[in-house]
Amino acid sequence: MAQPVRGRFVVVEGIDGAGTTTQTARLADRLRVDGLALVRATREPSEGPIGSMVRQILTGRIVAPEGRAPGWATMALLFAADRVDHVESTIEPVLAAGGVVLSDRYDASSLAYQSVSSGRGGDDAVEWIRSLNRHAVRPHITIVLDVAPDLAAARRESRGEPAQLYEQNEVQRALALFYRNLAKHIPGDRIVIVDGTGSVETVHDRVYAAYQSAFIPR
Ligand SMILES: Nc1ncnc2c1ncn2[C@@H]1O[C@H](COP(=O)(O)OP(=O)(O)OP(=O)(O)O)[C@@H](O)[C@H]1O
Ligand SMILES: [Mg+2]
């Protein structure tokens, strides 16, 4: 699917604890200071009905009667349904108004998390997840925060919240590898891998430079 004609659509991705929430909020502040009138920071799972349910699954507040989380394919369908709702309710209206949308995660997270948790070696699952999301409007740029799994784990620990679904070390190592090769899985998209180590401001400077590379003509 094509990129939106109007507006700017930016996605921030990475493993759990890479700093996607921190850097999405920081970039939104920066762009507002720059004087951009309509800057909308948003996230997936979204604030919508399906996104809220998905977040409750991730935090273990919804479990099946047998006490297990839904399997990877069910999660892929739920994330894809949430994405349709997120695009329609939030992303497209802001882009149509010529604004900037900054999304903390988007379909690259589905490709990464559901294919890694499928235990199917990847490609077959990736193909299927791509097909589920084939109508999702394409970002102008996806910024991947590259952080070693140990550092991300330390950051998650310092946040002091209980571990969510997918927050085990082996899963996070597989995700880090997937993200480093993300361009291979989403051909045609502009994907920039940014070093996510260092202070929030140091990483922000790199994120801002990546943003500018996509939108500011040289
Ligand atoms: N550059 C940084 N240096 C040190 N700590 C950081 C940095 N960026 C974020 N943090 C801290 O690390 C923790 C994780 O950051 P954040 O919540 O932004 O990660 P995330 O990628 O959104 O994680 P999740 O995927 O679990 O939502 C937070 O406590 C945050 O304040
Ligand atoms: Mg986050």
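Tutor: Let's start with pairing: two strands pair if DSSP finds at least two bridges between them. Strands themselves are DSSP runs of E with at least two residues, helices are runs of H or I with at least four, and both are numbered from the N terminus. This is a predicted model, in which local features need pLDDT of at least 70, side-chain atom pairs count only at pLDDT 80 or more, and totals for chains, interfaces and linings use all residues. Residues are numbered from 1 along each chain as its sequence is written, with chains lettered from A and ligands numbered from 1 in the order in which they are written.

Student: How do you know that β2 pairs with β3?

Tutor: Five bridges join β2 to β3 (residues 100-104), and the two run parallel. The rule asks for at least two, so β2 and β3 pair. In one of those bridges, Val-39 has Val-100 of β3 as its partner.

Student: What makes β2 and β5 edge strands?

Tutor: The open sheet has five strands in the order β2-β3-β1-β4-β5, with parallel pairing. β2 (39-43) and β5 (191-195) each have a single partner strand, so one side of each has no neighbour in the sheet.

Student: Why are α4 and α5 called oblique?

Tutor: Their axes, lines fitted to C-alpha atoms over the stretch in contact, cross at roughly 140 degrees and come within 9 Å. Angles run from 0 to 180 degrees between N-to-C directions. Under 35 degrees is roughly parallel, over 145 roughly antiparallel, 65 to 115 roughly perpendicular, and the rest oblique. The angle of roughly 140 degrees falls in that remainder, so α4 and α5 are oblique.

Student: Which residues make that contact?

Tutor: On α4, Ser-110, Leu-111, Gln-114, Ser-115 and Ser-118; on α5, Ala-125, Val-126, Ile-129 and Arg-130. Contact here means C-beta atoms, placed from the backbone, within 7 Å.

Student: And why are α6 and α7 put in that class?

Tutor: Their axes cross at roughly 125 degrees, so α6 and α7 count as oblique too. Pro-149, Ala-152 and Ala-153 in α6 meet Asn-169, Gln-172, Arg-173 and Ala-176 in α7.

Student: What makes a residue part of the shell around ligand 1?

Tutor: Its C-beta atom, placed from the backbone, has to lie within 6 Å of the ligand. For ligand 1 there are 15 such residues, the closest being Asp-16, Gly-19, Thr-21, Thr-22 and Arg-155. Helix α6 gives the most, with four residues.

Key:
Contact = placed C-beta atoms within 7 Å.
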